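Hi,

Here is the structure I promised to pass on to you. Please have a look at it first, and then read my notes below.

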Amino acid sequence: VAPRVEMVELFVNGSSRGPRLLCEQIDEEALLARGMPGDLYIGEMIGRDRYADTSNMIFDHPGLWQKVPESPVGEEGREPLEHLIGLVNSYPSEEVHAQLSELLDMGVWGTFSAFETLSNSFHYDEVHNWRLYYDPERGRITPIVWDPMGWAGLNRNTLDRPVHQEMMVSRLHALLFTNGDFLRARQAAFERFYAAGLDREFLAEAAEVRERCRAAVDAD
């Protein structure tokens with residue numbers, strides 16, 4: 001799952017302010033529009049969301065996460081998140097991995113990890129940008145693409161900087177990369193991507209968007 005996004009040209013009082021990225025917000029309404037009536041867990045502890053004088057490492061405690069929709073009882077509906085964070089902070093035994101494979105939809109997590117590598121995104125870390133969907137019917141947690149900052153700044157690949165093939169920037173990543181079900185799903189996602197020619201399709205779409213934005217950039 002990812003937000004709907006498109007490039008637009010912004011006009012204010014008839015004057016062009018150049019291109020902008022119009023991005024759908026991931027909230028309860030967005031989930032319902034996709035036929036996903038479950039829970040959204042938001043791990044965002046940076047900037048104005050950050051607490052002073054305390055740990056802001058979101059995998060330290062489930063209480064640092066926001067739940068949407070929020071239960072009137074407060075903690076109700078957080079059991080899957082509590083279970084996940086408990087596993088993340090456990091010794092990676094066979095039992096822990098069995099529970100992890102039961103809780104997470106590894107097919108989706110493998111695809112998400114392939115996306116992180118292909119976009120060279122380091123933006124899912126210990127403090128922010130996590131959007132996790134819990135499907136109560138299947139009892140599974142899946143990640144949602146949000147603010148990946150692909151190919152940005154220091155993450156951008158150049159001739160003198162190698163491609164980062166495994167993105168491990170959180171405790172959750174570290175645990176996943178020791179899980180056989182996840183590694184197999186990740187490899188399968190790469191194979192599907194290239195076999196279907198999606199790499200060429202993406203590059204063609206990116207080139208088209210850049211060309212369409214050229215006039216708006218010049219007018220800004």
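**Strands, helix and cores**

Let me start with one pair of residues: D135 has R140, in β6, as its bridge partner. Please keep in mind throughout that this is a predicted model.

That pair brings us to β5 and β6, which run antiparallel to each other and are joined by four bridges. Both strands belong to an open, four-stranded sheet with antiparallel pairing, in the order β4-β3-β5-β6. At its edges lie β4 (66-68) and β6 (140-143), each of which pairs on one side only. On average, neighbouring strands of the sheet are turned by 25° against each other, if direction is ignored. Against this sheet packs α4, which touches β5 and β6 and whose direction makes about 15° with that of β6.

Now to the interior. The largest nonpolar core has 29 residues, and those that touch the most other members are W65, L84, L104, W109 and W130. At least two residues each come from α2 (79-88), α3 (94-103), α4 (106-119), β5 (130-135) and α5 (171-176). Which helix gives the largest share of this core? That is α2, with five residues.

W109 is a good place to zoom in. Leaving aside residues up to four places away in sequence, W109 touches L104, W130, L132, I141, T142, P143, L172, L176 and F182.

There is also a second core, separate from that one, with nine residues, among them M36, L40, I144 and W146.

Enjoy exploring, and do write back with any questions.

Best wishes

Technical notes:
Residues are numbered from 1 along each chain as its sequence is written. This is a predicted model: local features need pLDDT of at least 70, side-chain atom pairs count only at pLDDT 80 or more; totals for chains, interfaces and linings use all residues. Side-chain values use heavy atoms; hydrogens and water are left out. A nonpolar core is a set of buried Ala, Val, Leu, Ile, Met, Phe, Trp, Tyr and Cys residues joined through side-chain atoms within 4.5 Å. Buried means under 20% relative accessible area, exposed over 50%, partly exposed in between (1.4 Å probe, protein chains only). Contact means heavy atoms within 4.5 Å. Two strands pair if DSSP finds at least two bridges between them. Axes are lines fitted to C-alpha atoms, for helices over the stretch in contact, and angles run from 0 to 180 degrees between N-to-C directions.
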